[in-house]
Amino acid sequence: MSRDVRRLLIVHHTASPTLHELFAAVREGATTDEVEGVEVVARAALRATAVDLFEADGVVLGTPANIGYMSGALKHFFDTVYYPCLEETRRLPYGLYVHGNNDTTGAVRAVESIAAGLGWERVREPVTVTGPPGKDDLAACWELGATLAATISPA
């Protein structure tokens, strides 16, 4: 791939219609015409690999908050990529969106702890949504995708 094009990886566990809405808004923001030179690749958390991360210039992570923690699928992703990517992906720009029925604190804390261990750099505050997403929640997800894409854009 030419370095004239950067790659934004979206690793997500989209287990509900609500998470699908959030994911779609992130992807829409990441592919906005306002940002040039960024290819967006989406991978389900159970299918994403270390190679996907090695090829990425930035990553957006999406997960439900399950029993006070990130989804098992996103945890599996981290378990499989952590050591292979530990040195190679330092300073990788990242963003996070989390949906929970009543609380997202534990899931955010867990993801941020692992990302810090990997040496990744958070680009903006996580988007956290409890209950059904409103217009502002979807706009925040759109902005998350657009911000990550703009951060890695070669333009």
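**Strands, helices and cores**

Biologist: Over how many bridges do strand S1 and S3 pair in the parallel sense?
Modeller: Strand S1 (residues 6-12) runs in the parallel sense with S3, where two strands pair if DSSP finds at least two bridges between them. This is a predicted model, in which local features need pLDDT of at least 70, side-chain atom pairs count only at pLDDT 80 or more, and totals for chains, interfaces and linings use all residues. Residues are numbered from 1 along each chain as its sequence is written, and side-chain values use heavy atoms, with hydrogens and water left out. In S3, Gly62 is the bridge partner of His12, and the pairing of S1 with S3 is made over five bridges.

Biologist: How many helices and how many strands make up the secondary structure of the protein?
Modeller: Helices (H or I, at least four residues) and strands (E, at least two) are DSSP runs, numbered from the N terminus. Read along the sequence, they follow the pattern β-α-β-α-β-α-β-α-β-β-α. The secondary structure therefore comes to five helices and six strands.

Biologist: Which residue in S4 does Leu61 stand opposite?
Modeller: S3 pairs in the parallel sense with strand S4 (residues 93-100), over six bridges. Helix H3 (residues 72-85) joins S3 and S4 in a right-handed β-α-β unit, right-handed meaning that, with the strands pointing away from the viewer, the path from the first strand over the helix to the second runs clockwise. In this pairing, the residue in S4 opposite Leu61 is Leu96.

Biologist: How many residues of strand S3 are buried?
Modeller: Buried means under 20% relative accessible area, with a 1.4 Å probe and protein chains only. In a regular strand the side chains alternate between the two faces of the sheet. On one side of S3 lie Gly58, Val60, Gly62 and Pro64, on the other Val59, Leu61 and Thr63, and all are buried. For residues 58-64, the count of buried residues is seven of seven.

Biologist: Which element gives the largest share of the largest nonpolar core?
Modeller: A nonpolar core is a set of buried Ala, Val, Leu, Ile, Met, Phe, Trp, Tyr and Cys residues joined through side-chain atoms within 4.5 Å; the largest has 31 residues, and Leu61, Phe77, Phe78 and Trp120 have the most contacts inside it. Two or more residues come from each of S1, helix H2 (50-54), S3, H3, S4 and helix H4 (105-118). The largest share, seven residues, comes from H4.

Biologist: How many residues are in the second, separate core?
Modeller: Contact means heavy atoms within 4.5 Å, and Trp120, leaving aside its neighbours within four places in sequence, is in contact with residues including Leu53, Val59, Leu61 and Phe78. Leu8, Phe23, Val127 and Ile152 are among the residues of a second, separate core, whose size is 19 residues.

Biologist: What is the relative accessible area of Thr18, and is Thr18 buried or exposed?
Modeller: Thr18 has its place in helix H1 (residues 17-30). Beyond residues up to four places away in sequence, Thr18 touches His99, Gly131 and Pro133. Thr18 counts as buried because its relative accessible area is 18%.

Biologist: What radius of gyration does the protein have?
Modeller: The radius of gyration is taken over C-alpha atoms, and the globule rule is 2.2 Å times the number of residues to the power 0.38. With 155 residues, a compact globule would have a value near 15 Å, and the protein agrees with this, having 14 Å.

Note on methods:
Buried means under 20% relative accessible area, exposed over 50%, partly exposed in between (1.4 Å probe, protein chains only).
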